[in-house]
Amino acid sequence: TMRTPEKETELNTLDNVQLEKLDVLDLESIHTAIQNGIKTYGKIDALVNNAGYGAYGPLETFPRENIIKQFNTNVIGLMDVTKAIIPHFRANKDGVIVNISSIGGQMTFALGSLYHGTKFAVEGISESLHYEMAAIGVKVKIVEPGMIATDFGGRSFDFQAGDIADYQPIIGALMKQWQNPENTSSPASLVAEVIYNAVTDGTDQLRYRAGDDANFLLDNRKKMSDSEFFEMINNQMGK
């Protein structure tokens, strides 16, 4: 990006900060990043667990290593980073843990047994964790975005269509639904605002939604029976 004079000071300030690589699959990088963060700033106020990607496709088509990678990244990595920072939060009797879930942590779409399995896990982990963290003065928050305009469908997407004919109709229906021009995504800035609010609002609220579609789908998931909700989703997919 081009630097303008009025941005020079801000950018120079950012340039002087040593950014640490944190790979949620690498325990050493997790601990190094946290310790360097404490050393640089004196105190860490909030952890945002945002690392993750989506694996979609028929379960039958997924190699086992892809299944393990999905859960290692979205679940085990989140728990490793959280566990590593808890002693710092406990020592300060202060801190906020924000776990980025998804509408897919409370409802599902077809072909998402891996992804939704991880996000349902994040919801359960977070909800349980909030009890023990409250005992040490730490808050836990879950952010549940809907469709967001990011590159999630690109580098953050592992789609295994396979060549089993029986699954191709549902794969085609899902692809058609995802590519529907009527599907409008919310900007990533909306999620940033929700995260900021969750960190700073000072409440014990656990769940925060992001996006009109998140409100619509999750409200209906709560008030509809299973059969009613499944019928609505199937109708959207043209089934």
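**Cores, strands and one helix face: a short tour**

Good morning. Of the 19 residues in the largest nonpolar core, the ones that touch the most other members are Ile 34, Phe 89, Ile 97 and Met 133. I should say at once that this is a predicted model. Four elements give two or more residues to this core: α2, residues 27-41, α3, residues 64-92, and also α4 and β4. The largest contribution comes from α3, with five residues. There is also a second, separate core of 16 residues, and its members include Ile 103, Ala 173, Leu 218 and Met 237.

Let me return to Phe 89. Setting aside residues up to four places away in sequence, Phe 89 touches Ile 44, Asp 45, Ala 46, Leu 47, Asp 94, Gly 95, Val 96, Ile 97 and Val 138. Beside Phe 89 in the sequence is His 88, which lies in helix α3. Is His 88 buried or exposed? Its relative accessible area is 13%, and the cut-off for buried is under 20%, so His 88 is buried. A polar atom of the His 88 side chain lies 3.0 Å from the backbone nitrogen of Ile 44. Beyond its neighbours within four places in sequence, His 88 is in contact with Ile 38, Gly 42, Lys 43 and Ile 44.

I turn now to the strands, beginning with β4, residues 139-145. Six of the seven residues of β4 are buried, so this strand is largely enclosed by the rest of the structure. Strand β3, residues 96-100, runs parallel to β4 and is joined to it by five bridges. Asn 99, for instance, has Ile 142 in β4 as its bridge partner. Between β3 and β4 the chain passes through helix α4, residues 113-134, and this β-α-β crossover is right-handed. Strand β4 also pairs with β6, residues 207-210, in the parallel sense, over four bridges. Here Val 143 has Tyr 208 in β6 as its bridge partner.

Two further residues make contacts with these strands. The first is Asn 49, in strand β1, residues 46-49. Asn 49 is buried, with a relative accessible area of 7%. Residues up to four places away in sequence aside, Asn 49 touches Leu 78, Val 81, Thr 82, Ile 97, Val 98, Asn 99 and Ile 100. The second is Ala 198, found in helix α6, residues 188-200. Ala 198 counts as buried, at 1% relative accessibility. Apart from its neighbours within four places in sequence, Ala 198 is in contact with Val 96, Lys 141 and Tyr 208. Ala 198 and Val 98 are 100 residues apart in sequence, while their C-alpha atoms are 7.7 Å apart in space.

My final topic is helix α5, residues 168-178. Which residues of α5 are buried? They are Ile 171, Ala 173, Leu 174 and Gln 177. Seen down the helix axis, these buried residues fall within an arc of 165 degrees, so they line one face of α5. They pack against β2, residues 54-56, β5, residues 157-159, and α8, residues 226-236. The face turned away from the buried side carries the exposed residues Pro 169 and Lys 176. As mentioned earlier, Ala 173 is also included in the second core.

Thank you for your attention.

Note on methods. Residues numbered from 1 in each chain as written. Predicted model: local features only at pLDDT ≥ 70, side-chain atom pairs only at ≥ 80, totals over all residues. Heavy atoms only, no water. Buried < 20%, exposed > 50% of the residue type's maximum accessible area, 1.4 Å probe, protein only. Arc of directions from axis to C-beta. Contact = heavy atoms within 4.5 Å. Pairing = 2+ DSSP bridges. Right-handed = clockwise from strand over helix to strand, strands pointing away. Core = buried A, V, L, I, M, F, W, Y, C linked by side-chain atoms within 4.5 Å. Polar contact = N/O pair within 3.5 Å; in protein donor to acceptor, adjacent residues only side chain to side chain.
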